[in-house]
Amino acid sequence: MSDAPHAAQLAWDLLGGRPGTVFAMHIGYAARAEQKGRTPEAPGYFLKPPTALAAPASEGEPTIVELPAGAEILGFEGEIAVVIGETCRRVAPEQAWSKVAAVTAANDLGVFDFRWADKGANVRSKGGDGYAPIGPRLIPADGIDPADIEIRVWKDGGLVQADSTATLLFSLPEIVADLSQLVTLEKGDVILTGTPAGASTFAPGERIEVEVTAGGLSSGRLVTEAVRGTEPVIPVSAQPKATPEQWADASGRPIEEFRAPSADGADPADETGAAGTAGDAPFSLTPELRERLAGVALATLSSVLRKKGLDNVSIDGLRATQPGAAMVGTARTLRYVPNREDLFASHGGGYNAQKRLFDSLREGDVLVMDARQETRSGTLGDILALRARALGAAGIVTDGGVRDLDEVTEIGIPTFHAGGHPAVLGRLHVPWGIDETIACGGTAVQPGDVIVGGGDGVLVIPPALVEEVLAEAEKQEAEEAFIARMVAEGNPVNGLFPMDTSWRARFEAEGTR
């Protein structure tokens with residue numbers, strides 16, 4: 001990609017000689033609106049002071065931001081910055097882009113510990129010195145399509161945000177025109193146009209990079225790092241409060257992750273518990289349970305489940321990339337719907353549900369995908385398999401196809417699939433639902449179900465039954481091992497398989513020695 005001009009120069013060096021007003025969008029992208037659960041009727045904004053703007057001393061050098069003493073929640077939001085090149089008032093959308101000089105990368109930073117005192121104004125939480133890094137290069141607006149600008153964001157080298165202006169709820173010209181209806185936009189003003197889905201938190205020692213590309217030009221990577229402050233705010237000032245609500249809002253993760261368990265071990269946010277009984281502690285697939293499940297044959301687990309009336313718990317028709325390898329984990333679910341052009345345009349591109357779910361995987365998760373048993377297209381490829389492995393996921397299950405099957409196999413994360421296929425996602429699928437009840441291989445799967453895979457296939461175990469099923473399966477395997485040993489010693493199977501009263505008495509007596 002060729003270089004844009006004006007390397008390592010700030011917008012105001014070229015456009016007026018001073019920092020301008022910084023306007024920032026609340027919600028700009030369709031995927032971000034879906035993530036937040038609300039879609040604005042019209043563009044909404046807040047202001048950042050000019051002192052929030054900062055740029056690297058030279059390309060590749062990080063801009064450094066201070067996390068105030070006592071604060072914990074430092075949020076990043078990669079954004080496309082629009083730089084105004086000509087003063088305008090009440091401009092029409094059709095003429096608005098002509099008033100723009102350039103676009104570049106920006107990082108809308110915030111200390112969410114202070115949001116409780118801001119009443120939505122974001123003055124403390126997002127207005128601090130240096131909390132709007134920008135640059136390092138400008139991409140001239142003339143000659144680029146405002147509907148075809150891409151943004152990507154990395155945290156410590158891993159891609160965490162990716163989208164394009166094609167999925168904006170309001171186009172860049174509409175944003176400029178809208179602001180100009182009541183506010184005079186001046187040369188050098190900066191508009192931060194909202195962040196894609198996937199914005200989260202980072203800490204001192206971690207590195208955020210933002211890059212904007214358009215028309216074959218790049219802003220270069222805007223690098224942001226943080227240091228921990230040592231000077232507390234004075235007593236009269238609002239003090240930092242790191243609440244579960246602000247952690248969840250900043251990170252995009254469930255609020256339950258940030259709530260301390262109550263005295264009896266139950267999650268205060270969960271009135272019923274995993275088993276559906278008031279006061280029950282939520283089920284946890286502990287390392288000890290994982291190890292025990294991996295040590296029991298899948299056929300034995302299936303037999304015990306059948307005795308309990310659960311026949312429809314096998315995910316059928318799949319093959320494994322790692323034959324013989326055990327897979328044990330907790331289900332996270334993704335549902336694809338059949339491709340329809342308008343739905344793919346709104347939900348298929350950018351930081352879609354598929355990418356968001358892969359980026360949210362945690363250690364021990366098994367990603368289970370409902371592709372309607374449609375094998376004529378891929379549902380994941382090598383990059384996403386690498387991401388799952390890097391986050392510690394226990395495995396992947398899809399009743400659809402896998403692209404880059406040889407590479408996915410080499411990556412090594414256990415993947416159960418319906419076959420390889422070279423076609424991309426958009427041929428047949430639109431990624432749609434996250435962490436909801438799905439069908440995979442003819443079987444219902446719910447988030448939190450325990451997924452066990454091996455040479456015989458894949459089983460789904462309701463979390464409320466795991467310990468009971470496991471105990472019975474271990475006992476059954478001990479019995480079968482005893483029977484096999486007795487047969488090997490020359491005993492007839494009659495009365496031994498299954499065991500009659502005398503053989504069972506001998507088995508139980510042997511177990512007490």
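**Exercise 1. Helix H6**

Which residues of helix H6 (residues 244-251) are buried?

Solution. This is a predicted model, in which local features need pLDDT of at least 70 and side-chain atom pairs count only at pLDDT 80 or more, while totals for chains, interfaces and linings use all residues. Residues are numbered from 1 along each chain as its sequence is written, and side-chain values use heavy atoms, with hydrogens and water left out.

Step 1. Fix the terms. Helices (H or I, at least four residues) and strands (E, at least two) are DSSP runs, numbered from the N terminus. Buried means under 20% relative accessible area, exposed over 50%, and partly exposed in between (1.4 Å probe, protein chains only).

Step 2. Apply them. The buried residues in H6 are Gln246, Trp247, Ala248, Ala250 and Ser251.

Step 3. Find the partner. With contact taken as heavy atoms within 4.5 Å, the buried residues of H6 pack against strand E15 (200-202).

Step 4. Look past the end of the helix. Glycine 252, just after H6, has a positive phi of about 75 degrees.

**Exercise 2. The whole chain**

State how many helices and strands the protein has, and describe its extent and burial.

Solution. Step 1. The protein has 14 helices and 29 strands.

Step 2. The C-alpha trace spans about 95 × 55 × 40 Å along its principal axes.

Step 3. Of the 513 residues, 49% count as buried. The accessible surface (Shrake-Rupley method with a 1.4 Å probe; for residues, only the protein chains shown count as cover) comes to about 22,600 Å², and 51% of this belongs to carbon and sulfur atoms.

Step 4. Among contacts between residues at least 6 apart in sequence, 76% join residues at least 24 apart.

**Exercise 3. Aromatic pairs**

Classify the pair formed by phenylalanine 482 and tryptophan 503.

Solution. Step 1. Rings of Phe, Tyr and Trp (its six-membered ring) pair if their centres lie within 6.5 Å; planes under 30 degrees apart count as stacked, over 60 as edge-to-face and the rest as tilted. The count by this rule is 3 aromatic pairs.

Step 2. The ring centres of phenylalanine 482 and tryptophan 503 are 6.2 Å apart and the planes stand at 65 degrees, so the pair is edge-to-face.

Step 3. Because phenylalanine 482 lies in helix H13 and tryptophan 503 in helix H14, the pair ties together parts that are 21 residues apart in sequence.

Step 4. Phenylalanine 482 and tryptophan 503 are both buried. Together with Phe507 they form one aromatic cluster.

**Exercise 4. Arginine 221 and its partners**

Identify the acid and the ring that arginine 221 meets.

Solution. Step 1. A salt bridge is a side-chain nitrogen of Lys or Arg within 4 Å of a carboxyl oxygen of Asp or Glu. By this rule there are 28 salt bridges.

Step 2. Arginine 221 forms a salt bridge with glutamate 209, and the closest N and O atoms are 3.6 Å apart. Glutamate 209 lies in strand E16 (residues 207-214) and arginine 221 in the loop between strand E17 (217-218) and strand E18 (222-228), so the pair ties together parts that are 12 residues apart in sequence.

Step 3. Glutamate 209 is buried at a relative accessible area of 12%, whereas arginine 221 is partly exposed at 34%.

Step 4. A charge sits over a ring if NZ of Lys or CZ of Arg is within 6 Å of the ring centre and within 35 degrees of the ring normal. Arginine 221 lies over the face of tryptophan 154, 3.5 Å from the ring centre. Another case is lysine 241, whose charged end sits over the ring of tryptophan 116 at 3.8 Å from its centre.

**Exercise 5. A salt bridge between helices**

Locate aspartate 359 and arginine 387 and give their N to O distance.

Solution. Step 1. The closest N and O atoms of this salt bridge are 2.6 Å apart.

Step 2. Aspartate 359 is in helix H10 (residues 353-359) and arginine 387 in helix H11, so the bridge links distant parts of the chain, 28 residues apart.

Step 3. Aspartate 359 is buried, with a relative accessible area of 18%.

**Exercise 6. Leucine 380**

Is leucine 380 buried or exposed?

Solution. Step 1. Leucine 380 is in the loop between strand E22 (365-370) and helix H11 (382-390).

Step 2. Its relative accessible area is 3%, so leucine 380 is buried.

Step 3. Leaving out residues up to four places away in sequence, leucine 380 touches several residues, among them Phe358, Met369, Ile396 and Val402. Threonine 398 is 18 residues from leucine 380 in sequence and 8.8 Å from it in space, C-alpha to C-alpha.
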